[in-house]
Amino acid sequence: MQAATVTFNNLIAGVTSYGFDGDGDTVADVIFSTTDPLGFNTSGPGPFQLYVYQQGLEGTSLLNPDLRVDFLHGATGSIQFGFAVNAMAAGPSVFASLELFDALNNSLGSATVLGARFPIPPIQSTFTEGQLTLGFSGTAAYGLFNFSSSSTTGRYFLDNFTGTFGSTETVPEPRSIGLVVFGATLIARLRRKRS
Ligand SMILES: [Ca+2]
Ligand SMILES: [Ca+2]
């Protein structure tokens with residue numbers, strides 16, 4: 001596995017499941033999904049954000065979990081992402097959380113980060129935002145997100161989803177294919193000699 005970052009630059013709208021490539025080989029490494037029948041979108045919260053660039057993944061924060069990620073090749077080490085929720089003021093019910101699980105549904109750890117507004121001259125973050133980092137041991141198979149904005153029309157933005165979950169699909173080199181064929185031929189010959 002190798003370093004990967006999902007920047008959500010594909011234009012999607014109203015999708016309940018979508019595969020994203022994080023390591024630039026155009027093959028999906030993660031699948032994001034939601035139980036919200038209206039799905040999620042790629043959209044931006046405007047330019048005045050530190051941790052969510054135009055654009056990110058955008059969806060409802062009224063569920064728990066709001067969003068799920070499945071790692072197609074597993075994930076190791078740590079996961080980091082930026083988030084924003086549609087709240088103008090910080091508070092105990094304005095946050096993002098992530099819990100990671102292995103393939104046997106054992107929790108590998110969780111983290112919660114409260115949203116805040118940061119100075120972005122000449123104003124502050126339009127929406128409360130933050131960056132969550134979760135280090136873990138073992139191999140994560142999937143993760144569950146919960147966002148909260150304290151709003152009855154709660155929405156989240158997620159961006160720059162980063163970790164060690166990329167797997168550039170490699171094609172065997174012609175030379176090693178030749179060696180395998182040569183080896184198989186040799187074994188077949190030896191078997192024929194013995195019988
Ligand atoms: Ca890939
Ligand atoms: Ca939620």
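Is R68 buried, partly exposed or exposed? Select R68 to begin the tour: this model is predicted, and in it R68 has a relative accessible area of 30%, so the residue counts as partly exposed.

**Around R68**

Keep R68 in view and add D70, whose side chain meets that of R68 in a salt bridge, with 2.7 Å from N to O. D70 is partly exposed as well, because its relative accessibility is 21%. Next, add Y142 to the selection, and look along the ring: R68 lies over the face of Y142, at 4.1 Å from the ring centre.

**The salt bridge of R155 and E58**

The count of salt bridges in this model comes to two, and one of them joins the side chains of R155 and E58, again at 2.7 Å from N to O. R155 belongs to strand β12 (residues 155-166) and E58 to strand β5, so this pair ties together parts that are 97 residues apart in sequence. Colouring by accessibility should show R155 as partly exposed, at 25% relative accessible area, whereas E58 is buried, at 10%.

**Calcium ion (ligand 1)**

Now select the calcium ion (ligand 1) and display the protein atoms around it. The donors are D21 (OD), D23 (OD), D25 (OD), V27 (O), and D29, which is listed twice through OD, and they lie 2.3 to 2.6 Å from the ion. Reading along the chain, the spacing of these donor residues is D-x1-D-x1-D-x1-V-x1-D. Why is the arrangement around this calcium ion (ligand 1) irregular? The six donor atoms subtend angles of 50 to 161 degrees, and six donors would count as octahedral only if opposite donors were over 155 degrees apart and all others between 65 and 115. Two of the donor residues can be contrasted here, since D23 is buried, with a relative accessible area of 16%, while V27 is partly exposed, at 34%.

**Calcium ion (ligand 2)**

Move on to the calcium ion (ligand 2), which is coordinated at 2.2 to 2.9 Å by S61 (O), L63 (O), D66 (OD), D66 (OD), N146 (OD1) and F147 (O). The site of this calcium ion (ligand 2) is also irregular, with angles of 47 to 172 degrees among its six donor atoms. Along the chain, its donors follow the spacing S-x1-L-x2-D-x79-N-F. D66 is found in the loop between β5 (56-60) and β6 (67-85), and F147 in strand β11 (residues 129-148), so the pair ties together parts that are 81 residues apart in sequence. D66 and F147 are both buried.

**The aromatic rings**

Show the aromatic side chains next, among which the count of pairs comes to 17. One of these pairs is formed by F71 and F165, which are tilted, at 5.6 Å centre to centre and with 45 degrees between the planes. F71 is in strand β6 and F165 in strand β12, 94 residues apart, and the pair links these distant parts of the chain. Both of these residues, F71 and F165, are buried. The rings of F145 and F147 have their planes at 5 degrees and their centres 5.8 Å apart, so this pair is stacked. F145 and F147 are buried too. To see a wider set, select the cluster that ring pairs link together, which comprises F8, Y18, F20, F32, F71, F81, F145, F147, Y156, F161 and F165.

**Last stop: P122**

Finally, select P122, in the loop between β9 (119-120) and β10 (123-124). P122 is exposed, with a relative accessible area of 76%. From its C-alpha to that of F48 the distance is 9.4 Å, although P122 and F48 are 74 residues apart in sequence.

Notes:
Residues are numbered from 1 along each chain as its sequence is written. Chains are lettered from A and ligands numbered from 1 in the order in which they are written. This is a predicted model: local features need pLDDT of at least 70, side-chain atom pairs count only at pLDDT 80 or more; totals for chains, interfaces and linings use all residues. Side-chain values use heavy atoms; hydrogens and water are left out. Donors are N, O and S atoms within 2.8 Å of the metal (3.2 Å for Na, K and Ca); water is not among the atoms, so sites may look incomplete. Four donors count as tetrahedral if all angles lie between 85 and 135 degrees; four count as square planar and six as octahedral if opposite donors are over 155 degrees apart and all others between 65 and 115; anything else is irregular. Buried means under 20% relative accessible area, exposed over 50%, partly exposed in between (1.4 Å probe, protein chains only). Helices (H or I, at least four residues) and strands (E, at least two) are DSSP runs, numbered from the N terminus. A salt bridge is a side-chain nitrogen of Lys or Arg within 4 Å of a carboxyl oxygen of Asp or Glu. Rings of Phe, Tyr and Trp (its six-membered ring) pair if their centres lie within 6.5 Å; planes under 30 degrees apart count as stacked, over 60 as edge-to-face and the rest as tilted. A charge sits over a ring if NZ of Lys or CZ of Arg is within 6 Å of the ring centre and within 35 degrees of the ring normal.
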